[in-house]
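This note is written for a student who is beginning to read protein structures. Please keep the sequence and the structure in view while working through the points.

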Amino acid sequence: MEELTKKQHDTLIEIFVERVVDNMSSVQLAEYVSEDMIECFGSLPQQECIENMYSYYDEEFVEELIEEVKEID
């Protein structure tokens with residue numbers, strides 16, 4: 001097989017991912033995103049993880065989640 005250029009390789013990946021995602025059900029897509037986010041957030045130090053949560057929700061919501069988790073354990 002002939003070697004692709006960097007640009008061709010990037011394009012190949014983009015097209016492949018687009019096709020895979022297009023063929024996923026909503027449930028499969030949600031599972032994939034959930035697993036990916038758990039892995040991503042789980043690989044961060046605790047403080048960085050919480051700071052990243054603030055980019056999705058406001059500080060009050062994240063603090064409520066933290067309190068909820070403390071009550072569970």
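The points below concern the pockets of this predicted model.

1. The largest pocket has a volume of about 240 Å³. Its lining consists of F41, L44, Q46, C49, I50, M53, V62, L65, I66, V69 and K70. Two elements, α3 (46–53) and α4 (59–72), each give two or more residues to this lining.

2. Which element gives the most to the lining of the largest pocket? The answer is α4, which supplies 5 residues.

3. The chemical character of the largest pocket may be described by class. Its lining contains 9 nonpolar residues, together with 1 polar and 1 charged residue. The student may wish to find these residues in the displayed structure.

4. The second largest pocket has a volume of about 190 Å³. The residues that line this pocket are S34, M37, I38, F41, M53, Y56, Y57, F61, V62 and L65. Here the elements that contribute two or more residues are α2 (26–42) and α4.

5. In the second largest pocket, the greatest contribution to the lining comes from α2, with 4 residues. By class, the lining of this pocket comprises 9 nonpolar residues and 1 polar residue, with no charged residue.

6. The two linings should also be read side by side. F41, M53, V62 and L65 appear in the lining of the largest pocket, and these residues also line the second largest pocket. The helix α4 likewise gives two or more residues to the largest pocket and to the second largest pocket.

Terms used: Residues are numbered from 1 along each chain as its sequence is written. This is a predicted model: local features need pLDDT of at least 70, side-chain atom pairs count only at pLDDT 80 or more; totals for chains, interfaces and linings use all residues. Side-chain values use heavy atoms; hydrogens and water are left out. On a 1 Å grid over the protein atoms alone, a cavity is a set of points where a 1.4 Å probe fits but cannot get out, and a pocket is an open set with protein on both sides within 12 Å along at least five of seven lines; lining residues have an atom within 4 Å of a point. Grid points are joined across faces, edges and corners, and a volume is the space filled by probe spheres set on the points. Ala, Val, Leu, Ile, Met, Phe, Trp, Tyr, Cys and Pro count as nonpolar, Asp, Glu, Lys and Arg as charged, and the others, Gly among them, as polar.
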